[in-house]
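Q: Please take a close look at one part of this structure, a pair of packed helices, and then place that part in the rest of the chain.

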Amino acid sequence: MSSLSATIQDVFNEPGCGKNANKSEAERKKGCTKQLQPGGAAGGCAFDGAKIALQPLTDVAHLIHGPIACEGNSWDNRGAKSSGSNIWRTGFTTDINETDVVFGGEKRLFKAIREIIEKYDPPAVFVYQTCVPAMIGDDINAVCKAAKEKFGKPVIPVNSPGFVGPKNLGNKLAGEALLEHVIGTEEPEYTTPYDLNIIGEYNLAGELWQVKPLLDELGIRIFSSISGDGRYKEVAYSHRAKAAMMVCSKAMINVARKMEERYGIPFFEGSFYGIEDSSDSLREIARLLIERGAPEELMTRTEAVIAREEAKAWAAIASYKPRFKGKKVLLITGGVKSWSVVAALQEAGLELVGTSVKKSTKEDKERIKELMGQDAHMIDDMTPREMYKMLKDAKADIMLSGGRSQFIALKASMPWLDINQERHHAYMGYVGMVKLVEEIDKALYNPIWEQVRKAAPWEVAGTNWQAVAMAQMDAEAAALAADPVAAEAARRAKKICNCKSVDLGTIEDAVAAHRLIDVEGVRTHTNASGGCGACSERIDDILASVAMTAVPALQAAE
Ligand code: SF4
């Protein structure tokens, strides 16, 4: 087994991954990824994922070994910020061509590393493998080793060519590169009982700086940030931290877990989105540091800071209440946990008409129900057309989402606010939540919306494309309502597992026929959840609803 295959297998077996924990031994070996098909890397390939995870290390030169498009497409496409060096934003690529494909690109790579070291002298060069050099057999590990010996500088191979899988896998392979070549290779000048690693945080729009002043005030040192606004040396000595907070579990759970295993650094998964979550995370940081030797009084000081900041944040948000009276929000988040912001939006007086739960866990969903009521409109997977109709029907006043769904909101002539990774505003911590509320207010009351909703002077009422589309959708809905057989067929045809193309009807039939009670059973009989595992929560919901309808039926039969 090549070392890349071995690393991928190791990442697939990650015990800290919730989805992995639900799989059988055989399925874990098959991996988290479905067989890639043309276009499968459209949402980001493994190389892209590795680069997203490591590029925020700001003093490192990131060299992409491959055709220029790999670097061109991934360059600077996230909003991470640096408080120091800017070399991380310089696009370095070997730009391999047809001749390299025939004769190999290793010499070209070695020359590129030398040029970077001579011109820029960074503390380290990270070399990213991409599809073409991986397929022609360029051995970046060997080249990096030779360059490190020749130039006396860390040259780190990041072996994550795009074809091995999706972006999430690339995040973890990037973590493996740090674990293998960087973490534990240097020693800090000194340590304190207040040294904290932050893992899986990328300082998007500079949001880590919204939390750092609070940590500074408490005397807690961000010992190493992996990787937002991070420095190479800090990562190299991060094994001496006392505790760690893991901000995004999907991205770097392997780093946090293996650092705990190898160096005894305890970690917790937390979030700085939302007021309550920020407070919980600060408390948990204090608790872990106290466990590792920090004085008990740290908790008292932490509680004092939490009380002060919460009071300030709630007071600032309260002033928007009169302006938000009766306003409705549709929340479609990507990575940010929906419920992290639901509570604060409600506190500001906004009404939530729906929230996405595609990436939410069962606990997240329970929390949303607690906040929004048992009838909360939770959106699992929606086509753009369905989303458009929902925006119109629910008569939401604003949509909060990522850039990909912005055009649906704009087509519906509705205010929209970016809350995903490309955003330009920082929403972390207490000040971040206040900023979010401010931005919602600005978007809601922007006078442009009144203008774009007006019919054009040449338009005949009811004939514009929006009216036609809505009429078409209403007609389809009415046709289904009038034909219960067709409605049932449409309901059963809803795709539940996209990887294995399994629909709702097939799962319901299998559950009823074989009296299935868990996802494992459904997988055995239908193959659903046999790919990436993202639908396991949906299958759980189906199992629960079939069980609820089956019990009265059984009781009636008895
Ligand atoms: S690494 Fe492969 S999949 Fe990713 S951008 Fe480059 S060629 Fe495309």
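A: In this predicted model, helix α25, residues 504-514, packs with helix α26, residues 519-526, at an angle of about 110 degrees, and their axes are 10 Å apart. α25 is therefore roughly perpendicular to α26; the range that counts as roughly perpendicular is 65 to 115 degrees. On the α25 side, the residues that meet the other helix are Thr506, Ile507, Ala510, Val511 and His514. On the α26 side they are Gly521, Val522, His525 and Thr526. Sorted by class, this contact holds four nonpolar residues, five polar residues and no charged residues.

The helix pair belongs to a chain with 27 helices and 15 strands. Of the 558 residues of this chain, 44% count as buried. Among contacts between residues at least 6 apart in sequence, 69% join residues at least 24 apart.

Next come the sheets. One open sheet has four strands in the order β6-β5-β7-β8, with parallel pairing. Its edges are β6 (221-227) and β8 (267-269); each has a single partner strand, so one side of each is left without a neighbour in the sheet. From one strand to the next, the twist averages 20 degrees. Within this sheet, β5 (residues 195-201) and β7 (residues 243-246) pair in the parallel sense over four bridges. Asparagine 197 has alanine 244, in β7, as its bridge partner.

Another open sheet has five strands, ordered β11-β10-β9-β12-β13, and here too the pairing is parallel. The edge strands are β11 (378-379) and β13 (416-418), each of which pairs on one side only. Strand β10, residues 351-356, pairs with β11 in the parallel sense over two bridges. The bridge partner of serine 356 is isoleucine 379 in β11. Helix α21 (residues 429-444) lies across β12 (398-401) and β13, and runs at about 145 degrees to β13.

The model also has a ligand, with 12 residues around it. Those that come nearest are Cys45, Phe47, Cys70, Cys131 and Gly162. Two elements, α4 (46-54) and α5 (68-74), are the ones that give two or more residues to this shell. By class, the shell has seven nonpolar, four polar and one charged residues.

Two single residues can be followed in the same way. Isoleucine 87 sits in the loop between α5 and β2 (92-93). It has 19 C-beta neighbours inside 10 Å and therefore counts as partly exposed, because a residue is buried if 20 or more other C-beta atoms lie within 10 Å of its own. Isoleucine 87 is 29 residues from threonine 58 in sequence, yet their C-alpha atoms are 6.5 Å apart in space. Leaving aside neighbours within four places in sequence, isoleucine 87 is in contact with Asp59, Ala61, Tyr120 and Pro122.

Histidine 181 is found in helix α10, residues 167-181. Histidine 181 has 21 C-beta neighbours inside 10 Å and so counts as buried. Valine 155 is 26 residues from histidine 181 in sequence, and the two are 8.8 Å apart in space, C-alpha to C-alpha.

Note on methods
Residues are numbered from 1 along each chain as its sequence is written. This is a predicted model: local features need pLDDT of at least 70, side-chain atom pairs count only at pLDDT 80 or more; totals for chains, interfaces and linings use all residues. Axes are lines fitted to C-alpha atoms, for helices over the stretch in contact, and angles run from 0 to 180 degrees between N-to-C directions. Angles under 35 degrees count as roughly parallel, over 145 as roughly antiparallel, 65 to 115 as roughly perpendicular and the rest as oblique. Two residues are in contact if their C-beta atoms, placed from the backbone, lie within 7 Å. Ala, Val, Leu, Ile, Met, Phe, Trp, Tyr, Cys and Pro count as nonpolar, Asp, Glu, Lys and Arg as charged, and the others, Gly among them, as polar. Two strands pair if DSSP finds at least two bridges between them. A residue is near a molecule or strand if its C-beta atom, placed from the backbone, lies within 6 Å of it. A residue is buried if 20 or more other C-beta atoms lie within 10 Å of its own, exposed if 12 or fewer, and partly exposed in between; C-beta atoms are placed from the backbone.
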